[in-house]
Every structure is written in structure tokens, then in C-alpha cells.
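Here are a few friendly notes to read alongside the model. They follow the protein–DNA contacts, one strand at a time.

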There are 2 protein chains.
Amino acid sequence: MKYSRQRELILNTVIRLKGHPTADMVYRALRDELPNISLGTVYRNLRLLSEMGILRRISLPDGADRFDARVDGHDHMVCTRCGRIFDISLDILSGLEQSVTDQTGFQVASHSLVMEGLCKDCQINIQKERGI
Amino acid sequence: MKYSRQRELILNTVIRLKGHPTADMVYRALRDELPNISLGTVYRNLRLLSEMGILRRISLPDGADRFDARVDGHDHMVCTRCGRIFDISLDILSGLEQSVTDQTGFQVASHSLVMEGLCKDCQINIQKERGI
DNA sequence: TTAATAATAGGAATTATTACTGTTTTTAGT
DNA sequence: ACTAAAAACAGTAATAATTCCTATTATTAA
């Protein structure tokens with residue numbers, strides 16, 4: 001694999017944007033620095049970086065895939081009101097794959113867990129709205 | 001909501017096919033009985049039935065959504081070799097949403113958990129292939 | 001029986017993503 | 001530094017899954 005400035009900037013952009021951006025968000029953010037960058041290049045490099053384990057792809061039940069610069073074992077929560085995505089890493093989830101392997105005989109290699117609900121901020125905002 | 005023969009047959013087909021069919025699988029299976037049925041009708045009714053809680057939509061990390069006639073709380077495993085989808089319902093997973101709500105303050109309403117790996121059959125088949 | 005309304009078939013449109021192609025960059029070996 | 005092979009790029013076309021649109025048909029309550 002050869003170096004490319006585009007790939008370097010794509011990776012930096014995912015890291016910089018935090019908030020688990022989509023390919024399109026990365027593309028838009030990059031157009032300031034690289035006005036000619038192609039959306040296909042963004043997709044291809046996000047896929048390559050994810051396959052290499054440098055990024056992590058997050059598939060949500062609907063909408064475009066997200067990309068996460070944090071690649072250690074953790075899961076995600078999506079707030080259905082504000083749309084933000086939060087990391088969760090709980091003890092009960094750490095041994096999840098092994099537990100399922102042990103109890104079912106299915107050899108679990110990976111998993112995808114996405115929780116949906118209301119984040120703390122949105123719970124508070126809903127309370128405020130009700131109060132008015 | 002009015003009755004329709006198409007909707008009734010779509011539901012029966014998901015129940016009959018078992019194996020967590022996609023919209024397209026339901027469509028193909030139905031063409032024997034209803035040669036003129038439209039793919040759009042299948043999609044619309046699968047969506048309606050899922051929104052009503054009569055079916056359950058399963059979103060996998062890639063490929064088309066699946067539909068499940070079993071709507072009680074359970075999760076899924078996808079075999080990466082044969083592609084089959086298996087139900088799992090383990091004790092450790094039953095209180096998952098409540099645990100996350102308690103420990104994070106995020107108000108969890110639903111979740112999607114998909115395990116990937118090798119089913120028992122495929123583990124055995126791989127052993128056999130190695131033996132030859 | 002009829003009028004309203006929901007549902008349909010068939011096709012167009014949308015969204016997310018990958019594939020293709022001719023050109024440009026990168027890089028290893030001279 | 002020079003050059004040839006390989007990789008990556010930009011731009012565009014293609015694909016897959018799904019929803020939307022519209023004129024017609026089916027269902028149902030009065």
C-alpha cells in the first residue's frame with residue numbers, strides 16, 4: 001500500500017471530527033483543504049482503513065455507515081431525538097462474545113450492538129418542554 | 001387500516017419461510033400465488049407489519065433487511081460461511097437494556113445485536129475439509 | 001348501493017455505496 | 001535524479017435496497 005495525501009487527510013478528518021462521521025461528512029469537511037477530492041476516494045479509503053483496523057465501521061439500523069477512530073472493543077448508543085452517537089463500554093458487555101460462544105456453540109468472531117433511546121441532554125430538554 | 005389479501009399472504013409467507021427472509025425472498029415466494037404482486041407492495045406491508053409489532057425487522061451490517069415472525073425479545077447470529085441467521089435468547093442478554101440505562105443514564109428503548117461467526121455445522125464442515 | 005378511503009401495480013426516484021477508466025502519484029531499483 | 005511498475009486518484013456510471021408517486025382497484029361503513 002502506497003502513501004497518499006488524500007488517505008492521510010481522510011484519517012485525520014475522522015479523528016478531528018469526533019462524533020462518528022459518515023463518508024459524506026468526511027467528504028464535505030475535506031473540501032476546504034482538497035477542493036477536488038472525489039467522494040469515491042473517501043469511500044474507498046474509509047473502507048481500506050477499516051479493513052486494516054485503523055478505523056472502525058459502525059453500521060446503524062438506518063442511514064449511512066459511521067466511522068470511528070476508536071478501535072478498541074466498545075459499543076454504541078444512538079439518541080433518537082438529537083441523532084448523536086455515544087460510545088458505551090460496560091463490564092457486562094466485555095465478555096459478551098465469549099459467553100455466547102460458550103453457551104450456544106456458535107463461534108462468535110465479532111458483534112454489532114447499537115442501543116437506541118434518549119441521551120441525558122434530550123431527557124432534560126423534554127422535561128423542560130413539558131414544564132412550559 | 002383495511003384488510004388486503006396481499007398483506008395477509010405476505011405475513012403468512014414470512015411465517016412459512018422461517019429463515020428470516022428478505023423482502024425480495026418474500027416477493028419471489030409469493031409470485032406463485034399472486035403473479036401480479038408488486039415488490040413495492042411487499043416492502044410497504046413488511047414495513048407496516050413491523051411498525052405494528054406483528055413482524056420484526058432485523059437490520060444486518062450488510063445486505064437487505066430481514067423479517068422475523070418471532071417478535072419477543074431475542075437477538076441474532078449470522079454465520080459468515082453459510083449465511084444462515086440464528087435466533088439467540090440468553091439470560092445475560094435479557095436485562096441488557098435495563099443494565100445500560102442504569103449504568104449510563106441513557107434511556108434505552110430498544111437495541112439491535114447481531115453476532116457474526118461460524119455456526120456449528122460450518123465448524124464441523126471446516127474440520128472435515130481440513131481432514132481431506 | 002354507493003361514496004369514502006385505503007391499498008394496489010407498475011414505474012420513477014432516492015440513497016448509500018461500489019465499480020470502471022483514463023490520468024496522475026508514489027516508490028523501488030537503477 | 002530517471003524510469004517503469006504499481007497504486008491511487010478524479011470523475012462518472014452502475015448497483016442495490018428501499019421509498020415515493022399516480023392512476024386504478026378493492027374494501028367497508030352508512
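1. Let's start with a contact to DNA strand C. In this predicted model, the side chain of A:Tyr43 places a polar atom 3.0 Å from a phosphate oxygen of that strand. B:Asn45 has a side-chain N or O atom 3.2 Å from a phosphate oxygen of strand C. A base is reached as well: an N or O atom in the side chain of A:Lys2 is 2.9 Å from a base oxygen of strand C.

2. Which elements give two or more residues to the surface near strand C? They are helix H3 (39–51) of chain A, plus helix H1 (5–17) and helix H3 (39–51) of chain B. The largest share, three residues, belongs to H3(B).

3. Taken as a whole, strand C is surrounded by 17 residues, and B:Lys2, B:Ser4, B:Gln6, B:Thr41 and B:Arg44 are the closest. Of the strand C atoms that come within 4 Å of the protein, 76% belong to sugar and phosphate. The surface residues split into five nonpolar, six polar and six charged.

4. Now for DNA strand D, which also has 17 residues around it; the closest are A:Lys2, A:Ser4, A:Arg7, A:Thr41 and A:Arg44. Sugar and phosphate make up 75% of the strand D atoms that come within 4 Å of the protein.

5. For individual contacts to strand D, look at A:Ser4, with a side-chain N or O atom 2.7 Å from a phosphate oxygen, and at A:Arg7, with a polar side-chain atom 2.9 Å from a phosphate oxygen. B:Lys2 has a polar side-chain atom 2.9 Å from a base oxygen of this strand.

Definitions and conventions
Residues numbered from 1 in each chain as written. Chains lettered and ligands numbered in written order. Predicted model: local features only at pLDDT ≥ 70, side-chain atom pairs only at ≥ 80, totals over all residues. Heavy atoms only, no water. Near = heavy atom within 4 Å. Polar contact = N/O pair within 3.5 Å; in protein donor to acceptor, adjacent residues only side chain to side chain. Helix = DSSP H or I, 4+ residues; strand = E, 2+ residues; numbered from the N terminus. Nonpolar A, V, L, I, M, F, W, Y, C, P; charged D, E, K, R; others polar.
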